[in-house]
Amino acid sequence: MALTKRTVRWVALAALMLATIGGIWGVIQRFSAAEEDFAANQLVLPFLVIAIVVLALGLAGVLIRNLVRLILERKRGILGSKLRTKLVFFFLAFVLLPALVLFYGSAAVIRTTVEAMVRTPVEDVTRGAREIVDLWTEAMKGQCRQLAVQAAAEAGRIGTADPARRADLVALAERWVSRESLDLVVVFTAGTPVARAMDAEILASGTSAEGVVALSQGLASRAVAMEGAATAVDAVGGGLLVQAAVPVPPGPGESGVPPGALVVGTFLSRDLASRMEQITSGADVYRRFRIQRRDLIRLYQALMGLILLATVFVATWIGFYLSRRITVPIQELAAAAREISGGNLGVRVRAEAGDEV
C-alpha cells in the first residue's frame, strides 16, 4: 500500500511538472506570435519569469528534502544508507558539473547574441532607414507647400468669391495637376469646394472623390484658422496622400480676409506606401526589442536554470531509484537473517530483486 501511495505521489508530481512546463511553453509561443504587441509583451515577460522561478524553487525544494532525508538516514546508521548516499551523490556529481558548464555557457552565448543584435551596424541601418523615410516625407510636404503657395497666388488673382470665375478656377486646378505632376488640387471658398482636379490614379486605388475632398476640406479649415500653411499625410485607398493647404489671398474687389484655401496633394501608390510602412514598422519593432532585450535575457536564463534543476532532479531521482532497488532487498534479507537467528525458520524474503542481489 505504501508503494502505491509513493507511486501515486510521484505520478502526480510528474504530471504537475509536465502541465506547468506545457503552460509555460504555450505562453512562450503566444509571446512569440505576438512579438510586435509591446503592451502584451510587457505583461507576458514578468509572468513567464515568475512561473519559471516558482517551478525551479519547487524542484529545488523536493531535491533538498530528499537529500536531507538521505543524510539523516546515514547518521542514524540505517542499513544500506551509506550505499544509497554514495549512489545518489555519484549521480549528482556526475551530472552537476557538465550541467553547470552548459548553463553558464548557454547563458553567456544568449547574452552575447542578444546584445550583439542591438549593436551597429543594425542599429545604424535601422535608424538611417527611419530618418530617410522621415526626411523624404518632410521633403514631399515642403514641395506640396511650395506649389500650394504658388497656385494659391494665381487663384487669388483670378478671385474665388465670384461665381462667374468658377470655370477659370477649374481650369487652373486642371492645369496645375497636369503641369506640376500633382495628383490633387482643390479650391475652397468659405469651406465649400468650388473647383477641383484629381488624377485618375487616386480613384483607381479604390477610394471615392468625396472622401478625398473631405480630407482636403479639414486641412483647408486648419490652414484658414492658422492663417498659414498646413500639411498632412493620410492613408487613402491603400496608398498615402501628402497634402498641403494655404489660404488664398483676396482677389480683385474682395476684402482683406482670405476668402478660402487651396489644397494640393501628391499620391503615393500602394507599393511605395507599403515599403515606407515596412521601414517604419521595422524601426518600431527594433526599438521595442532594444527596450525588451534585458527581460528576454532574464527569461532565457531562467529557462536554462529550470533545465539545469530538472536535469539535477532527474539524476538524483535515478540515484534514489537504483539505490532503493539494491538496498531494499538487502534490508529484507537482513531482517530475515535476524528472524532466523532468533529461531524463526519459517520466515520468507518476499522482496523482488535482480540477479546480482
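Modeller: Contact means heavy atoms within 4.5 Å. This is a predicted model, where local features need pLDDT of at least 70 and side-chain atom pairs count only at pLDDT 80 or more, while totals for chains, interfaces and linings use all residues. Residues are numbered from 1 along each chain as its sequence is written, and side-chain values use heavy atoms, leaving out hydrogens and water.

Colleague: OK, so which residues is V242 in contact with, leaving aside neighbours within four places in sequence?

Modeller: With those neighbours set aside, V242 is in contact with M140, K141, C144, A232, V233, V264, G265, T266 and L268. For A232, which sits ten residues away along the chain, the C-alpha atom is separated from that of V242 by 6.0 Å.

Colleague: And where is V242 found?

Modeller: V242 is in strand β4, which covers residues 239-248 (strands are DSSP runs of E, at least two residues, and helices are runs of H or I, at least four, numbered from the N terminus).

Colleague: Why does V242 count as buried?

Modeller: V242 counts as buried because its relative accessibility is 2% (buried is under 20% relative accessible area, exposed over 50%, partly exposed in between, with a 1.4 Å probe and protein chains only).

Colleague: Switching to V212, what does that one touch?

Modeller: Not counting residues up to four places away in sequence, V212 touches L184, M198, I202, T207, V236 and L241; V212 lies in helix α7, residues 209-226, and is buried because its relative accessibility is 1%.

Colleague: What is the bridge partner of L184 in β2?

Modeller: The partner of L184 in β2 is M198, and both of these residues are touched by V212.

Methods. Two strands pair if DSSP finds at least two bridges between them.
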